[in-house]
Amino acid sequence: MKVRLCLAVQLFLDLFSSCYSYTLPGIEDTQFIQDCVNAHNNFRSQVNPPASNMLHMTWDSALAKTAKAWAKRCIFDHNVYLKIPGKVHPDFTPVGENIWTGSLSLFSVNAALKSWYDEVTNYNFETRNCIGKCGHYTQVVWATSYKVGCAVHLCPSVTGFKGLTNGAHFVCNYGPAGNYPMQPYKTGAACSDCNGEKCVTTLCENPEREKLTSYSSWHPDWDSPRSSCDQYCIIVLIVRLLFVLLIFGAVLLVQWQYPQIFIYE
């Protein structure tokens, strides 16, 4: 009979690891990118009254870098550099921004986008009157904003957002920016103001406008280098180390008390 104590210990460690770790997607995660782009285009295609000039949105890595740099600051307020040329994007100035903050269990890209889009109930399209908050909705459906970059960060706490610990801080940036004192889009038959561009799910598509640019050499200069392991991450690592030491000590104790337990027959 073989006693598989070591395997049991390994299983226990794996279970511990899964309980005490939580990984949020990075800005290069392909599924995260796809979720962000698809959610935006899905809501943009649903506007009522219908839009005649709604542009199809695609990912922008520079906007995503800016979103990540600001999300890491864990501040429930807009980026102070949005209107300064070159600070948030090499080409777009100003840049639009939406922010969602909440518990990890509640976060998903679609849930955050839906909370922004649902502000449509506060907005009167004809008069542009808003009761409460509408700016997140109008930016999501701003017809001429055709690039988006988003990021989510695990924050131990968020300045300006009381009562939240270890929450998800989700930021999306948009180029060109929306939310000017005008209606977010033109009304009419879908794609009727696309100027001959391809119409896909009521959105205007243009391969030249939508091409992806790497911006590999660009980074927001106000983003000071920071460790990828924040306070929460450090605590998890310390607890893991202590737990491993505890298990190792327990194994040694068992081996000393019952040396025959490790004997294979």
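Reader: Which residues lie nearest the centre of the second largest pocket, and how many residues line it?

Author: Rolling a probe the size of a water molecule over the atoms shows where empty space is left. In this predicted model, the second largest pocket has a lining of 14 residues, and Leu 82, Val 95, Gly 96, Glu 97 and Asn 179 are those that lie nearest its centre. The space in this pocket is about 230 Å³, and β2 (96–103) and α5 each contribute at least two residues to the lining.

Reader: How many residues of each class, nonpolar, polar and charged, does that lining have?

Author: Sorted by class, the lining of the second largest pocket has eight polar residues, four nonpolar ones and two charged ones.

Reader: Turning to the interior, which residues have the most contacts inside the largest nonpolar core?

Author: In soluble globular proteins, nonpolar side chains tend to be buried together. Here the largest nonpolar core has 38 residues, and Phe 170 and Tyr 185 are those with the most contacts inside it. At least two residues of this core come from each of α2 (30–44), α4 (109–117), α5 (135–140), β3 (147–155) and β4 (167–175), with α2 giving the largest share, six residues. Beyond its neighbours within four places in sequence, Tyr 185 is in contact with residues including Val 47, Pro 50, Met 54, Phe 125, Tyr 137 and Val 141. A second, separate core has 18 residues, among them Ala 67, Val 171, Cys 191 and Trp 222.

Reader: What percentage of the protein chain is made up of buried residues?

Author: Of the 265 residues in the protein chain, 42% are buried, and the chain has seven helices and six strands.

Key: Residues are numbered from 1 along each chain as its sequence is written. This is a predicted model: local features need pLDDT of at least 70, side-chain atom pairs count only at pLDDT 80 or more; totals for chains, interfaces and linings use all residues. Side-chain values use heavy atoms; hydrogens and water are left out. A nonpolar core is a set of buried Ala, Val, Leu, Ile, Met, Phe, Trp, Tyr and Cys residues joined through side-chain atoms within 4.5 Å. Buried means under 20% relative accessible area, exposed over 50%, partly exposed in between (1.4 Å probe, protein chains only). Helices (H or I, at least four residues) and strands (E, at least two) are DSSP runs, numbered from the N terminus. Contact means heavy atoms within 4.5 Å. On a 1 Å grid over the protein atoms alone, a cavity is a set of points where a 1.4 Å probe fits but cannot get out, and a pocket is an open set with protein on both sides within 12 Å along at least five of seven lines; lining residues have an atom within 4 Å of a point. Grid points are joined across faces, edges and corners, and a volume is the space filled by probe spheres set on the points. Ala, Val, Leu, Ile, Met, Phe, Trp, Tyr, Cys and Pro count as nonpolar, Asp, Glu, Lys and Arg as charged, and the others, Gly among them, as polar.
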